[in-house]
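Trainee: I would like a close look at a single part of this protein, its largest nonpolar core. Could you set that part in the context of the whole chain as you go?

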Amino acid sequence: MRPLKGIRVLDFGRILAGPFCSQILADYGADVIKVEQPGQGDETRSWQGKGESSAWKDDVGPISFYFAAINRNKRSLTLDLKKPEALEIVKELVKETDIVIENFIPGGAEKLGVGYAELSKINPRLIYASISGYGSEGPYAHRAGYDAIAAAEGGLMHITGHPDGGPVRPGLGMTDMSTGLYMHGAIMAALYHREKSGRGQHISASLFETQISLLINIGANWLNMGRDGQRFGAAHPSIVPYNTWRCKDGVWLALAANNDRQFRTLCQRIDREDLSRDERFTTNAQRVEHRADMDGILDSIFASKTSREWME
């Protein structure tokens with residue numbers, strides 16, 4: 001099934017959020033045309049890891065695994081959007097385009113003549129998707145947005161890492177990719193709305209707003225109880241046990257008992273049913289209150305056998 005077969009996307013997106021969004025649409029069957037800068041292309045083409053250049057053929061490039069991982073199933077062309085002839089090409093393409101994706105700094109697309117107001121005159125059915133760092137309004141609207149900055153300002157790095165360490169960036173661009181996911185969903189909703197109304201629309205998403213929305217329970221705790229988010233490492237702020245434990249052979253096991261029934265099952269599997277009867281641990285609420293005691297006991301239990309023994 002290719003549910004978006006026949007849908008054309010003109011993708012001005014760069015780096016991660018925009019390309020990740022358009023790649024999802026391409027995987028659904030859309031015809032995605034990626035517009036890149038002449039001479040350089042998308043910056044991620046040059047983001048090669050250590051020793052990566054040896055993995056590519058000499059006549060291929062500039063290219064990187066990073067770029068390839070988020071731009072599959074797309075066609076590409078280069079346009080210098082500051083030149084009138086490039087703008088004319090865009091306008092011709094827009095006549096037969098269903099979706100435009102862009103992540104210029106707010107106002108940048110308008111300066112280039114490829115903003116929603118201009119392009120929707122050419123094609124009123126156009127769905128125009130804008131991705132930015134902070135949205136189109138407010139004091140930070142014209143600031144450039146980057147994943148790590150949004151993760152820091154939006155609280156993700158504050159709650160990521162070990163309790164005795166500093167803030168940590170997740171190993172992937174989670175804020176960028178989550179914004180791309182949100183936008184892909186909004187685009188699908190706009191396509192559905194267009195089937196009913198016959199008209200397109202301008203939709204937008206920002207890295208900062210995405211990250212705030214992802215705080216979920218952490219944000220709710222702060223709003224309702226004034227509790228600041230904390231770093232728990234691999235643990236969970238409101239579920240115990242939920243962590244990683246080092247085994248006798250040095251291998252780490254990830255384990256989560258999400259409810260009291262699962263905790264009782266865990267106690268049976270590790271041959272410590274007495275723990276399920278211990279007043280400190282009978283309910284999840286009690287286990288959260290006595291987290292240090294629970295973790296200390298499980299530390300010694302899992303360290304007594306190898307990972308292979310525990311998995312048998």
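Mentor: What follows begins with the core, moves to a few single residues, and ends with the overall form.

The model is a predicted one, and its largest nonpolar core holds 22 residues, of which Leu25, Ile99, Ile101, Met183 and Ile187 touch the most other members. The elements that contribute two or more residues to this core are helix H1 (17-27), strand S4 (99-102), strand S5 (127-132), helix H7 (174-197) and strand S6 (201-206).

Met183 is a useful place to look, since its contacts can be listed in full: once neighbours within four places in sequence are set aside, Met183 is in contact with Cys21, Ala129, Ser130, Ile131, Ile203, Ser204 and Ala205.

Helix H1 also contains Gln23, and this residue counts as buried because its relative accessibility is 3%, where the cut-off for buried is under 20%. Beyond the neighbours within four places in sequence, Gln23 is in contact with Ala68, Ala69, Ile70, Asn71, Arg72 and Lys74.

For contrast, consider Lys5, which sits in the segment before strand S1 (8-11). Lys5 is classed as exposed because its relative accessible area is 68%, and exposed residues are those over 50%. With neighbours within four places in sequence left aside, the contacts of Lys5 are with Tyr28 and Gly29. Measuring from C-alpha to C-alpha, Lys5 and His158 lie 42 Å apart in space, with a sequence separation of 153 residues.

Turning to the whole protein, the secondary structure amounts to 14 helices and eight strands, and of the contacts with a separation of 6 or more, 66% join residues that are 24 or more positions apart. Buried residues account for 44% of the 312 residues, while the accessible surface comes to about 17400 Å², with 53% of it belonging to carbon and sulfur atoms.

As for overall form, the radius of gyration is 25 Å, whereas a compact globule of 312 residues would have one near 20 Å. Along the principal axes, the C-alpha atoms fill a box of roughly 75 × 50 × 40 Å. The charged side chains comprise 37 positive and 39 negative ones, and the centres of these two sets are 3 Å apart.

Conventions:
Residues are numbered from 1 along each chain as its sequence is written. This is a predicted model: local features need pLDDT of at least 70, side-chain atom pairs count only at pLDDT 80 or more; totals for chains, interfaces and linings use all residues. Side-chain values use heavy atoms; hydrogens and water are left out. A nonpolar core is a set of buried Ala, Val, Leu, Ile, Met, Phe, Trp, Tyr and Cys residues joined through side-chain atoms within 4.5 Å. Buried means under 20% relative accessible area, exposed over 50%, partly exposed in between (1.4 Å probe, protein chains only). Helices (H or I, at least four residues) and strands (E, at least two) are DSSP runs, numbered from the N terminus. Contact means heavy atoms within 4.5 Å. The radius of gyration is taken over C-alpha atoms; the globule rule is 2.2 Å times the number of residues to the power 0.38. Accessible areas come from the Shrake-Rupley method with a 1.4 Å probe; for residues, only the protein chains shown count as cover. Lys and Arg count as positive and Asp and Glu as negative; His and the chain ends are not counted. The place of a charge is taken as NZ of Lys, CZ of Arg, CG of Asp or CD of Glu.
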